[in-house]
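Grab a pencil and have the sequence and the 3D view ready. Let's work through a few exercises together, one step at a time.

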Amino acid sequence: MTEPNKPLEQMTVQERFDLGRSYYNEGKFDEAIEKFDCAIEMSPFDSYAYNNRGLAYFQKGEIEPALENFNKSLELNPWDAQAHSNRGYVFTEIGEYEVALVDFNIALSNDPEYINGWYGRADLYVKLEDYEAAKADLDQLIVLLDGDIPAPVIELIDIIESNLE
């Protein structure tokens, strides 16, 4: 990662946010959280900073702060498909499947082309053993992926197909 060429105090909100995303992409979640904190300090109504800080907490396995950040993000921007989908992943992780389904449904209603929403809901349907619904979501996802199907999707396809036989 390229280190910033100016002190944090002189950075704009966007620069702080971008630095947080860079740290996140490198798997440096504590550093990412710190930069998102700084962005939020400068711009407390930035729903995307809360959403991304929630992702960093979730990657660290810290469920409560992840949920708090996704909730705040959605309080500021209730139509954000990413935040709904991300919160759906958290609820799936903790076994709150019905609540997760609501979030994935809202995410996909707000953005029908949101790939992570389709994958998350398909994975949730597998956990609910609703393989027909999972297959329908994966069919939609495959169309959106336009032939570039990543390994996790292939694994989910295999699980679904083996349960539909």
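## Warm-up: the whole chain

The chain's secondary structure adds up to 9 helices and 0 strands; here helices (H or I, at least four residues) and strands (E, at least two) are DSSP runs, numbered from the N terminus. This is a predicted model, where local features need pLDDT of at least 70, side-chain atom pairs count only at pLDDT 80 or more, and totals for chains, interfaces and linings use all residues. Residues are numbered from 1 along each chain as its sequence is written, and side-chain values use heavy atoms, with hydrogens and water left out.

## Exercise 1: the overall picture

Find the pattern of the chain along its sequence, the box its C-alpha atoms fill, and the percentage of residues that count as buried.

Solution, step by step:

- Reading along the sequence, you get α-α-α-α-α-α-α-α-α.
- Taken along the principal axes, the C-alpha atoms fill a box of roughly 60 × 30 × 25 Å.
- Of the chain's 165 residues, 45% count as buried. Buried means under 20% relative accessible area, exposed over 50%, and partly exposed in between (1.4 Å probe, protein chains only).

## Exercise 2: check a helix

Take helix H2 (residues 29-42) and work out what its 14 residues should span at 1.5 Å a residue. Then look at what its buried residues pack against.

Solution, step by step:

- The rule for the expected span is 1.5 Å times one less than the number of residues.
- For H2 that comes to 20 Å, and the end C-alpha atoms are 20 Å apart, so the two agree.
- The buried residues of H2 include Phe 29, Ile 33, Phe 36 and Ile 40.
- Helix H1 (13-25) and helix H3 (47-59) are what the buried residues of H2 pack against.

## Exercise 3: a serine inside

Place Ser 85 in its helix, decide whether Ser 85 is buried or exposed, and list what Ser 85 touches.

Solution, step by step:

- Ser 85 sits in helix H5 (residues 81-93).
- Its relative accessibility is 0%, so Ser 85 counts as buried.
- Leaving out residues up to four places away in sequence, Ser 85 touches Phe 104, Ala 107, Tyr 114, Asn 116 and Gly 117. Contact means heavy atoms within 4.5 Å.

## Exercise 4: three salt bridges

Pick out the salt bridges of Lys 60, Arg 87 and Asp 123, and see where the partners lie.

Solution, step by step:

- Start with the rule: a salt bridge is a side-chain nitrogen of Lys or Arg within 4 Å of a carboxyl oxygen of Asp or Glu. By this rule, the count is 10 salt bridges.
- Lys 60 and Asp 30 meet through their side chains (2.4 Å, N to O). Lys 60 is in the loop between H3 and helix H4 (63-76) and Asp 30 is in helix H2, so the pair ties together parts that are 30 residues apart in sequence.
- Arg 87 pairs with Asp 103, with the closest N and O atoms 2.7 Å apart. This pair links distant parts of the chain, as Arg 87 is in helix H5 and Asp 103 in helix H6 (residues 97-110), 16 residues apart. Arg 87 is buried at 17% relative accessible area, and Asp 103 is buried at 1%.
- Asp 123 pairs with Lys 127, with the closest N and O atoms 3.1 Å apart. Both lie in helix H7 (residues 115-127), 4 residues apart, about one turn of the helix. Asp 123 is buried at 18%, whereas Lys 127 is partly exposed at 39%.
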